[in-house]
Amino acid sequence: MKRLSIYFTRTCITLMLLISLAGCTRMNQDSCLNTDINQVGFTDGAAGKETRSLERYNKDCARFNISFSQEDYLIGWNRGWKQFCHPNYATGHNDGAAGIGITRVQGIAARCKKKGVPANTTDYQMGWKKGIETYCTQNRGKTLGLSGKANPNVCPTQYLSLIHISEPTRLLSI
């Protein structure tokens, strides 16, 4: 019994060390040379991520005499954030067709407003309206019902009769 306990303890310690080391991967010289920090910033901003510190990049790449400018990163991030605050028709259409509620873009608008960037969601909303038409169908209602899944409450009121849902918990108006 004592051997099993020692084995279990060693295994746990080994696993914890491996997990902690997995997050400590250092950038190699090629990664440092090929990193476009402006593009990293743009990608973060366009995905709605907060800005990040470049401390890890600079620490990893210092051994190759490569450093990254926070200013360059922020220029890219600001461009990306503006794109994030102006979601396009195609994104709206894809979200609607996937049954993602319009509340997603309302959350984006609120985040942008909080950062002082005016959001323009008109194109997104037009695309979402077209996309949700392909989601809120009688076949979708049947499929959801037969699989025992609940209605995701994303279908605007004019579609509820098509999918035969009685007493929805929340109706959306568009």
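Hi everyone. When I say helix today, I mean a DSSP run of H or I that covers at least four residues, with numbering from the N terminus. With that in hand, Asp44 is a residue of helix α3, and we will come back to it. Please keep in mind throughout that we are looking at a predicted model.

Let me begin with the overall layout. The chain has 10 helices and 0 strands, which gives the pattern α-α-α-α-α-α-α-α-α-α when you read along the sequence. There are 174 residues in the chain, and 31% of them count as buried. If you take the contacts with a separation of 6 or more, 67% of them join residues 24 or more positions apart.

How confident is the predictor? The average pLDDT of the chain is 82, and 77% of the residues score at least 70. Residues 15–22 have a pLDDT below 50, and this stretch makes 0 contacts in the model beyond near neighbours in sequence. Residues 165–173 also stay under 50. For that stretch, though, the model has 13 contacts beyond four places in sequence. Please handle both stretches with care.

Now to the packing. As a general point, nonpolar side chains in soluble globular proteins tend to be buried together. Here, the largest nonpolar core has 17 residues, and Ile37, Tyr57, Phe68 and Trp81 have the most contacts inside it. Which elements give two or more residues to this core? They are α3 (37–46), α4 (55–61), α5 and α7. The largest share comes from α5, with 4 residues. Another core, of 10 residues, lies apart from this one, and its members include Ile102, Tyr135, Leu144 and Cys155.

It is worth putting Trp81 on the screen for a moment. Leaving aside neighbours within four places in sequence, Trp81 touches Gly45, Ala46, Gly48 and Lys49, and further along the chain Arg111, Cys112, Lys115 and Val117.

Next, α3 itself. This helix is mostly covered, with 7 of its 10 residues buried. Those residues are Ile37, Asn38, Val40, Gly41, Phe42, Asp44 and Gly45. What do they pack against? The buried residues of α3 pack against α4 and α5.

That brings us back to Asp44. Is Asp44 buried or exposed? Asp44 counts as buried because its relative accessibility is 4%, and the cut-off is under 20%. Beyond four places in sequence, Asp44 is in contact with Lys49, Arg52, Tyr73 and Trp77.

On to the pockets, which I suspect some of you were waiting for. The largest pocket has a volume of about 170 Å³. Lining it are Ala46, Ala47, Gln83, Phe84, His86, Pro87, Asn88, Thr91, Arg104 and Ile108. Two elements, α5 (70–84) and α7 (103–114), give two or more residues to that lining. By class, the lining has 5 nonpolar, 4 polar and 1 charged residues.

One of the lining residues is Pro87, and its place is the loop between α5 and α6 (89–97). Although it sits in a loop, Pro87 counts as buried at 10% relative accessibility. What does Pro87 touch beyond four places in sequence? Its contacts are Val105, Asn120, Thr121, Asp123 and Tyr124. For Asp123 we can add a distance: the C-alpha atoms of Pro87 and Asp123 are separated by 7.1 Å, with the two positions 36 residues apart along the chain.

Lys130 gives us another link across the sequence. This residue belongs to helix α8 (residues 122–135) and is partly exposed, with a relative accessible area of 42%. Leaving out neighbours within four places, Lys130 is in contact with Tyr89 and His93. The C-alpha atoms of Lys130 and Gly96 are 7.3 Å apart, and the two residues are 34 apart along the chain.

Last stop, Asn65. You will find Asn65 in the loop between α4 and α5, and at 75% relative accessibility it counts as exposed. What is phi at Asn65? The value is near 55°, which is positive in a residue other than glycine.

That is my tour. Thanks for listening, and I am happy to rotate the model for anyone who wants another look.

Conventions: Residues are numbered from 1 along each chain as its sequence is written. This is a predicted model: local features need pLDDT of at least 70, side-chain atom pairs count only at pLDDT 80 or more; totals for chains, interfaces and linings use all residues. Side-chain values use heavy atoms; hydrogens and water are left out. pLDDT is the predictor's confidence in each residue, from 0 to 100. Contact means heavy atoms within 4.5 Å. On a 1 Å grid over the protein atoms alone, a cavity is a set of points where a 1.4 Å probe fits but cannot get out, and a pocket is an open set with protein on both sides within 12 Å along at least five of seven lines; lining residues have an atom within 4 Å of a point. Grid points are joined across faces, edges and corners, and a volume is the space filled by probe spheres set on the points. Ala, Val, Leu, Ile, Met, Phe, Trp, Tyr, Cys and Pro count as nonpolar, Asp, Glu, Lys and Arg as charged, and the others, Gly among them, as polar. A nonpolar core is a set of buried Ala, Val, Leu, Ile, Met, Phe, Trp, Tyr and Cys residues joined through side-chain atoms within 4.5 Å. Buried means under 20% relative accessible area, exposed over 50%, partly exposed in between (1.4 Å probe, protein chains only).
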